[in-house]
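Biologist: I'd love to go through this one with you, a few questions at a time. Could you bring it up on the screen?

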Amino acid sequence: MLISRRNFLKSTATLLPAFASLPMVFRRAVASSMLESSSYSSPYQNRTLIIIQMAGGNDGLNTVIPYTDSKYYDHRSYLAVSDEDVLDLNGELGLHPVLGKMKLLWDQGLLAVVQGVGYENQSYSHFESMHIWQTADNKGKLEEGWLGRYFESLKGMEDNIFQGLAVGKLMPYECSNLNAPIPVVSSIDKYRLEGSTQQRSEALLKLYSSSPLGAPYGVLLDNTIEAVYKSSEALQTADKNYQSDIQYPETSLSKSLKVLAEAIIGDLGVRVGHVKIGGFDTHSDQIVEQPALLQEMSEAIYAFYEDLKAAGRDQDVLIMTWSEFGRRVKSNGSGGTDHGAAAPMFLIGSPVVGGIYGENPNLRNLDKDNLRFTTDFRSVYSTVLEEWLGAAPEAILGGQRFEHIPFLAKV
Amino acid sequence: MLFNKDRRLFLQTAAKLGLSAGALIIFEQACSNMVPTEEAVSLMPTSQPKLTPTLVPAQVIDSTSQTPVPYPTAGPTPMVGPTSQPEMAYPMNTPAVNKKVIDDPRVRMGHLLRRAGFGASKEEIDKHLSMGEAETISYLLDYDKSDDSEVESRIESLNLDLSDKLADLQRMAMLRMIYTNRPLQEKMVLFWHGLLTSGWKKVGKGPYMLQQDELFRSHAFGNYDDLLKAVARDSAMLIWLDSRVNKKNKPNENFARELMELFSMGVGTFTEEDVKESSRAFTGWSLKKKVFHFQENQHDFGVKTFLGNIGNYDGDDVVDIIMEQPVTSRFISRKLFEFFAYDNPEEEVIARLAKTFNDSGYSITALLKDILTSEEFYTQQAYRSKIKSPAELIAGTIRALGIESTVTYQVRKYMGPMGQELFNPFDVSGWPENEEWINSSTLLNRLNFVNAVAEGNRRHFDYDLVNMIDLKTVNETKDVIDHFVDILLDGEISEEEKGIYIAYLDGLLKGEDLQTGLTKDRLASLVYLVMSSPDYQLA
């Protein structure tokens, strides 16, 4: 699959003088690849999965709150959210009061909560646990991200540079794929090559695809320069054509989701979009820090949903949140919580059958001060891969089969 | 952090297999015609020390993969394939790990000054070549013999607000990297800032980040136990990892965990109980009037069990016990070697460095000396094996071209988008490494940065490109290319690349002769191309 992409690049590079401008060449390629993707058929063709990574370990207990359980109040002292303040979901659980917009989504049946998500032998290291979630493997055997493997599986889509789009500064590891690096963009505004001329571009592409001495990272650099050229022009065009009356809040996550909305509405063919919101590592000052982040998230997601809905694309977009772990059940002495284990995941959007899935956390049966997991995170991945993206999950999840969770409406 | 190593090993090796990207394609094409069995994979030679079975990614033997690509373990032996294969165009005899020692003194010097500093201008390299390599290493290590007052006055003249303005802190740090006479000291400051990191977004305004920067500068080369004990008392760290609110009876685990996981031992080398017990030892290590304060009534004086030891430990005892762990000397040896030389060093290298470290009483200087004088450091395996961090790219470019700059906003604005906002890392793990620096957004911004340099607006990048080349010395286009490739790339490029540069410059000259045709704009375009090349992204 790499080959035709590369051959394409090489053949256009030699044809260059015949074209007016290089980016135009790439833009045409992107567009035509979308139209010609024969093996990639409906009903999955227009679907997008949006990943929202909540980095640092979000406190699940203070997000979906078991406010009817007195044990919650015993463990959490002043960090506990009063039962009068929670936004009740089902008479037993309630959302943190700052999640008002999420509650609106819940009321419309657009929010699914999967409870007790985790994996066996929880790692309490941020980076090891992230790696487990990102590779979908807690045995340390699989390399590359699980979505990177999904991209690899997209036969016939190799010319679509936008199979994935990450908004941020770094490549999210779950999307990593050396052979087909997805574009990463932090702001569309600045996502353009300055001083670019056709001669420069031509020489530059030749340099990148030639064989430099020693050249470690040669493949990565070569594939990335291709992503630069192909994606910058296409994103500028999508940005120019984008019109929306939806007011996004002035937050970082909102801006990121807006970039994804522009790409989706601009029909760039994004299968997977990725955004990240950090700061959930609330060892202290949790009472200030966490609500601010939850609110940012809630409001950004709502604006994004509204934007897609106004453009008639909400049916095509599923949002999934994850965090490397939840937090310790008992709060610490510094107004925070230390690293923990199981936590809820959110699935949001028109394709979702709203409700609570999985077992609620049992505060009376802890595993060394931590919540026991009751749902393997790969059950969620597997459901999303097969039922939403139409991919074969076993191939992507290391050959294992995971039970599906019925949070998606049947088409 | 094995998982991390494995991933890097995988990516790096995959990249190295593609010595030529084109060859990888041909190789894949050849391979797509054969379907290797598990047996075939197991038959692949795995005797190369660098190439463990982790190189065979799981998806290769995944029966569901439709066109499995066997990853060959590189080495002098051709891959053993079970079936007849089409003739492979891939140069299987090219070793992925090239242990050949670089012999050209100029290339060695360029490499040394880039890794153990932030690169050098042609004049500096000439100066150090006449000093000799050994003398240069002494100059780098005995940094306090070099007068650095010039960089101090550069900083002073700008009247920076180093307490309350992140941008000014960044400016100060960049100015030091660019204009210091003590490049290895500044390189170590950057290293410690990446390893023992703290960040503005949580630490905030005040003298804290500046003090931490000064701590790293004063302890750049000392003993590691002293540095860890100082860091445990450092105001920025006390805020960043919550020690200041670590209280008796309900301890906060943040600092204790990262002390072991990120600063000294690595993930998976300690238990959750060790985290809990050591966090008790640091209770009461607080902050008062912006400086470290031992809050006695919040310290847990009870007995702790830590890494198999039992005693009434405080934080210093915890650091001492950590230093005694064999994993610690290996951890820090690996970190430093990978920062300076290359990734995934051989076991014998780590063992040797760990011994150097332990025998010297945990001396960082001893480790640095070992690394910089080692043969491994000067092999092809090390040369251009790392991706330049954005700070290295910016400082290195300005140094190499001899640019006068006060690191104005027009210079700094590229740092964040390239992924390295100094003093404000993404998270507690510090700065990314190698392939993590490269994605479409960061690469685009790297190119935009070098474009700004090439355009050379005098207010931001003051230098004279035209005067950098003596027209009397150039007879043909190739001479011009050689001149700038010497300055920017140690003169080391392939013939194919040289051909691309020559064709490019010839295209710009449109038949004009060199003496009149080498205008500033054309030179700028050439310099842009060299600096945006894949080679130039490598350290």
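Biologist: Happy to start in chain A: in which loop is Tyr119(A) found?
Modeller: Bear in mind that this is a predicted model. Strand E5 covers 111–118 and helix H5 covers 126–135. Tyr119(A) therefore falls after the strand and before the helix, in the loop between E5 and H5 of chain A.

Biologist: Is Tyr119(A) buried or exposed?
Modeller: Let's count neighbours. Tyr119(A) has 20 other C-beta atoms within 10 Å. The cut-off for burial is 20 or more, so Tyr119(A) counts as buried.

Biologist: Leaving aside neighbours within four places in sequence, which residues is Tyr119(A) in contact with?
Modeller: Some partners are in chain A at Ile132(A) and Asn138(A). The others carry numbers in the 370s. The full list is Ile132(A), Asn138(A), Phe373(A), Asp376(A) and Phe377(A).

Biologist: What distance separates the C-alpha atoms of Tyr119(A) and Gln163(A)?
Modeller: Along the chain, these two are 44 residues apart. In space, their C-alpha atoms are separated by 28 Å.

Biologist: Staying in chain A, how are helices H4(A) and H10(A) oriented to each other?
Modeller: H4 spans residues 100–107 and H10 spans 286–310, and their axes come within 7 Å. They cross at roughly 45°. Angles under 35 degrees would be roughly parallel and 65 to 115 roughly perpendicular, so H4(A) is oblique to H10(A).

Biologist: How many nonpolar, polar and charged residues does the contact of H4(A) with H10(A) have?
Modeller: H4(A) brings Gly100(A), Lys101(A), Met102(A), Leu104(A) and Leu105(A). They meet Ser298(A), Glu299(A), Ile301(A), Tyr302(A) and Tyr305(A) of H10(A). By class, that gives six nonpolar, two polar and two charged.

Biologist: Over which residues of chain A is the pLDDT below 50?
Modeller: Chain A averages a pLDDT of 89, and 88% of its residues score at least 70. The stretch you ask about still has 61 contacts in the model beyond near neighbours in sequence. It is residues 1–40.

Biologist: On to chain B: what share of its residues count as buried?
Modeller: Chain B contains 27 helices and four strands. Among its contacts between residues at least 6 apart in sequence, 72% join residues at least 24 apart. Of its 539 residues, the share that count as buried is 50%.

Biologist: Which residues is Ile500(B) in contact with, leaving aside neighbours within four places in sequence?
Modeller: Ile500(B) is found in helix H25 of chain B. It counts as buried because 22 C-beta neighbours lie inside 10 Å. The partners of Ile500(B) are in chain A: Ala203(A), Lys206(A), Leu207(A) and Ser210(A).

Biologist: How does H25(B) run relative to H27(B)?
Modeller: H25 (495–509) and H27 (520–531) pack with axes 10 Å apart, at about 160°. Angles over 145 count as roughly antiparallel, so that is what H25(B) is to H27(B): roughly antiparallel.

Biologist: What is the handedness of the crossing of H17(B) and H18(B)?
Modeller: H17 (326–340) and H18 (347–359) pack at about 115°, their axes 8 Å apart. That angle makes H17(B) roughly perpendicular to H18(B). As for handedness, the crossing is right-handed.

Conventions: Residues are numbered from 1 along each chain as its sequence is written. Chains are lettered from A and ligands numbered from 1 in the order in which they are written. This is a predicted model: local features need pLDDT of at least 70, side-chain atom pairs count only at pLDDT 80 or more; totals for chains, interfaces and linings use all residues. Axes are lines fitted to C-alpha atoms, for helices over the stretch in contact, and angles run from 0 to 180 degrees between N-to-C directions. Helices (H or I, at least four residues) and strands (E, at least two) are DSSP runs, numbered from the N terminus. A residue is buried if 20 or more other C-beta atoms lie within 10 Å of its own, exposed if 12 or fewer, and partly exposed in between; C-beta atoms are placed from the backbone. Two residues are in contact if their C-beta atoms, placed from the backbone, lie within 7 Å. pLDDT is the predictor's confidence in each residue, from 0 to 100. Ala, Val, Leu, Ile, Met, Phe, Trp, Tyr, Cys and Pro count as nonpolar, Asp, Glu, Lys and Arg as charged, and the others, Gly among them, as polar. A crossing is left-handed if the near helix is turned anticlockwise from the far one by less than a right angle, and right-handed if clockwise.
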